[in-house]
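Work through the two exercises below with the coordinates open. Try each task before reading its solution.

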Amino acid sequence: MTKHILINNKIENFNERIIVGPDKSISIRSILLASQAVGTSKISNLLESEDVINTLKAIKLLGINYKKYNKVYHIEGFGLNGFNIKKNITINAGNSGTLARLILGMLVKSKTKVRLIGDKSLSKRDFSRVIKPLKLFGVNIKSKNNCLPIEITGTNFLRPITYNENIGSAQVKSCIILSSLNTPGTTIINSKKSRNHTELMLKSFKYPIKIQKGKKFDKISVEGLRQFKAFKYNVPGDISSAAFFIVLTLLSRKSKMIIKNVNINPSRMGILTILNKMGAQIKIKNNYVYNGEKVGDIHVKSVKNLSSINCPSNLNSSAIDEFLIIFLVSAKAKGISKFRDLGEMNKKESKRLDLGIKFLKLIGIKVERNKDNIKIYGKPNLFLKDNFEMKNFLKDHRIFFLSCITALTLGGKWKIHDKDAINTSFPNFIKILKRIGAKIN
Ligand code: S3P
């Protein structure tokens, strides 16, 4: 039985200070890199969501022990490829594309065959984007039509590669970086800009990785076979989770919010750039740098008059997980918002471009689509009264969050299925909403 929630009322005005869940990308990377470090790494404020728990289970299957003491995860690494893999293991990445793609990069030297599977949503996603570079490294990898299940067997004869990563995918880039750690020589990636947490982490651990920043691409050079020591990491808040509360505040009446301690890495800041261009006045205060990552408090307040945006596609990668909620803001903005080249949205946990458009139409918004480009005809006076039911969205967490924020800001009577979807990235989502006054049954 799928669980559902009911929302029948908009949220009343609020003035709140909240903390959102820890960053998912950084949580997953901190575990994976700890499993490759020499000694016991200590990770605090780790996101305890399904994607991250599956990452912990995965390293355990690879022979890496961890324990939780007083809210801190202690992970015992034995250095690069320091795994102890039993025969016939199957790693289940669940819903997580990040775990699935990154862990393949850590198995390039494994002597044993490892099988990788995932849930219904992940099993529909394309893995050719990582299979191609992995084969160039010399890895033996088998799949059916480039989808899960995948079987990977590493090799002792890895060769460094030079790879042009043209998608702008941090998962692909990170898979290659992780592969290069076990590969002799220098691996070079000409990578279209995407989130750079893997590079920043390795740099902060003093690993020999060089990044030459270009306008659209970065040239990343990684020396293989260098060990790095165990580390301490305190994971900051997730801007992708904060995004839903930012928009909740923006679209509510006379409300204010401070979101404490959020990762504000420039490669993730597309949402703030886009919303500020649309007339929001979101500010960042108390910022500092931690292990190479910028962290700060986000201050946001309600805005009456939002304007449409002609969104430059060079912001796509830095807002890739936030477009659904940006579409909602466009629905309330004056004028026609334009977005281009959003094909990657359809490669996520669900076909988010298709579903996002369907969602906008459901709430009475005109949308025109031409291939992967869309125009959203905003209605500043949009308020909802009807009954709405959300189901069959492949349990995509971000579609669930979008539906809740729509119900709480635009009204209507909503039945939203698959409540468990929140466990993928933000298990406290409903708890925080209720604390600031949302009525959810
Ligand atoms: C992620 C990268 C992005 C993003 C995903 C998390 C990561 O995917 O959509 O939610 O942690 O590297 P792509 O790299 O496929 O764009």
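The exercises cover a helix pair and a sheet in this predicted model.

**Exercise 1. Helix against helix**

Task: Describe how helix H8 (residues 239–251) and helix H9 (residues 270–277) cross, and state which residues make the contact.

Solution:
- Step 1. Two packed helices are described by the angle between their axes and the distance between the axes.
- Step 2. The axes of H8 and H9 come within 10 Å, and they cross at roughly 20°.
- Step 3. Angles under 35 degrees count as roughly parallel. H8 and H9 are therefore roughly parallel to each other.
- Step 4. Their crossing is right-handed.
- Step 5. H8 contributes Ile239, Ala243, Ile246, Val247 and Leu250 to the contact, while H9 contributes Ile271, Leu272 and Leu275.
- Step 6. Sort these residues by class: eight are nonpolar, none is polar and none is charged.

**Exercise 2. A sheet and its helix**

Task: Give the strand order of the open sheet of four strands, find its edges, and place helix H3 (residues 97–106).

Solution:
- Step 1. The order is E6-E7-E9-E8, and the pairing is mixed.
- Step 2. Strand E6 (89–92) and strand E8 (140–144) each pair on one side only, which makes them the edge strands.
- Step 3. Direction ignored, neighbouring strands are turned by 20° against each other on average.
- Step 4. Take E8 and strand E9 (residues 147–153). They run antiparallel, joined by five bridges. Ile141 stands opposite Ile152 in E9.
- Step 5. Now add H3. This helix packs on the sheet and touches E6, strand E7 (114–117), E8 and E9. The direction of H3 makes about 165° with that of E7.

Methods: Residues are numbered from 1 along each chain as its sequence is written. This is a predicted model: local features need pLDDT of at least 70, side-chain atom pairs count only at pLDDT 80 or more; totals for chains, interfaces and linings use all residues. Side-chain values use heavy atoms; hydrogens and water are left out. Axes are lines fitted to C-alpha atoms, for helices over the stretch in contact, and angles run from 0 to 180 degrees between N-to-C directions. Helices (H or I, at least four residues) and strands (E, at least two) are DSSP runs, numbered from the N terminus. Angles under 35 degrees count as roughly parallel, over 145 as roughly antiparallel, 65 to 115 as roughly perpendicular and the rest as oblique. A crossing is left-handed if the near helix is turned anticlockwise from the far one by less than a right angle, and right-handed if clockwise. Contact means heavy atoms within 4.5 Å. Ala, Val, Leu, Ile, Met, Phe, Trp, Tyr, Cys and Pro count as nonpolar, Asp, Glu, Lys and Arg as charged, and the others, Gly among them, as polar. Two strands pair if DSSP finds at least two bridges between them.
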